[in-house]
Amino acid sequence: MFEKYDGLRGFWNPQTKAFYSRKGNRFIFPPEIIKAMPSDVFLDGELWLLPSSPPKLTNLSYRFGRDSFQEAMKIAHRSNETQLDWKRFKYMVFDAPTHSGTYQERYKYLGTLYLPPGIQY
């Protein structure tokens with residue numbers, strides 16, 4: 001069982017070098033994030049933005065991306081990637097769907113990948 005994030009489902013396609021929504025809509029990302037992504041692995045996860053205000057020490061949900069759906073929606077509704085503070089971007093990967101193993105094997109495989117800062121599994 002995994003923590004549910006309040007983000008947008010995002011699929012990384014290394015062939016087109018782009019992120020896509022569940023419905024196949026392409027998200028606009030800055031070139032530095034695209035260049036840092038794996039070039040040979042399809043990924044499935046959730047895209048989200050950390051809230052712009054600093055967390056309170058008692059607010060542990062900040063760490064897990066809860067209550068940030070409206071922030072994450074900014075990714076989907078921007079045609080110009082310069083309109084977002086990408087330092088707040090996170091991509092929480094939970095699957096490598098084209099890997100041939102079981103889900104457990106695919107998840108273990110994610111741990112062997114180099115994922116750039118802001119990308120976690």
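# A quick tour of the sheet and its core

Let's start in the middle of things: E46 stands opposite M92 in β5. Keep in mind that this is a predicted model. E46 has a partner in another strand too, since R9 stands opposite E46 in β4. From here we can look at the whole sheet, then the core, and then a few residues worth a click.

**The sheet**

- Six strands make up an open sheet with mixed pairing, and their order is β3-β2-β1-β4-β5-β6.
- The edges belong to β3 (26-27) and β6 (119-120); each has a single partner strand, so one side of each has no neighbour in the sheet.
- On one side, β4 pairs with β1 in the antiparallel sense, over five bridges.
- L8 takes part here as well, with L47 as its bridge partner in β4.
- β4 also pairs with β5, again in the antiparallel sense, and this time there are six bridges.
- How many of the seven residues of β4 are buried? The count is seven of seven, so to speak a strand that is mostly covered.
- A helix joins the picture: α4 (residues 103-110) lies across β4 and β5, and it runs at about 145 degrees to β5.
- As a rule of thumb, side chains in a regular strand alternate between the two faces of the sheet.

**The nonpolar core**

- The largest nonpolar core has 21 residues, and the ones touching the most other members are F19, F29, L43, F89 and Y91.
- Two or more core residues come from each of β1 (8-13), α1 (31-36), β4 (43-49) and β5.
- In general, nonpolar side chains in soluble globular proteins tend to be buried together.
- L43 is worth a look: leaving out residues up to four places away in sequence, L43 touches a list of residues including F11, W12, M37, Y91, V93 and L115.
- D95 and L110 are also among the residues that L43 touches.

**Aromatic rings**

- Searching the whole structure turns up six aromatic pairs.
- One of them is F29 with F89, an edge-to-face pair at 5.2 Å centre to centre, with 75 degrees between the planes.
- This pair links distant parts of the chain: F29 sits in the loop between β3 and α1, while F89 is in strand β5, 60 residues apart.
- Are F29 and F89 buried or exposed? Both are buried.
- F29 and F89 also belong to one aromatic cluster, together with W12, F19 and Y91.

**Zooming in on G10**

- G10 has its place in strand β1.
- Its relative accessible area is 0%, which is under the 20% cut-off, so G10 counts as buried.
- Beyond its neighbours within four places in sequence, G10 is in contact with Y20, F27, L43, D44, G45, E46, L47 and Y91.
- The C-alpha atoms of G10 and K23 are separated by 9.8 Å, and these two residues are 13 residues apart along the chain.

**Zooming in on D95**

- You'll find D95 in strand β5 (residues 89-95).
- Why does D95 count as buried? Because its relative accessibility is 9%, and buried means under 20%.
- The side chain of D95 makes a polar contact of 2.7 Å with the side chain of R106.
- Setting aside neighbours within four places in sequence, D95 is in contact with F42, L43, D44, Y103, R106 and L110.

Key. Residues are numbered from 1 along each chain as its sequence is written. This is a predicted model: local features need pLDDT of at least 70, side-chain atom pairs count only at pLDDT 80 or more; totals for chains, interfaces and linings use all residues. Side-chain values use heavy atoms; hydrogens and water are left out. Helices (H or I, at least four residues) and strands (E, at least two) are DSSP runs, numbered from the N terminus. Buried means under 20% relative accessible area, exposed over 50%, partly exposed in between (1.4 Å probe, protein chains only). A polar contact is a pair of N or O atoms within 3.5 Å; within protein, one must be able to donate a hydrogen and the other to accept it, and residues adjacent in sequence count only if both atoms are side-chain atoms. Contact means heavy atoms within 4.5 Å. A nonpolar core is a set of buried Ala, Val, Leu, Ile, Met, Phe, Trp, Tyr and Cys residues joined through side-chain atoms within 4.5 Å. Two strands pair if DSSP finds at least two bridges between them. Axes are lines fitted to C-alpha atoms, for helices over the stretch in contact, and angles run from 0 to 180 degrees between N-to-C directions. Rings of Phe, Tyr and Trp (its six-membered ring) pair if their centres lie within 6.5 Å; planes under 30 degrees apart count as stacked, over 60 as edge-to-face and the rest as tilted.
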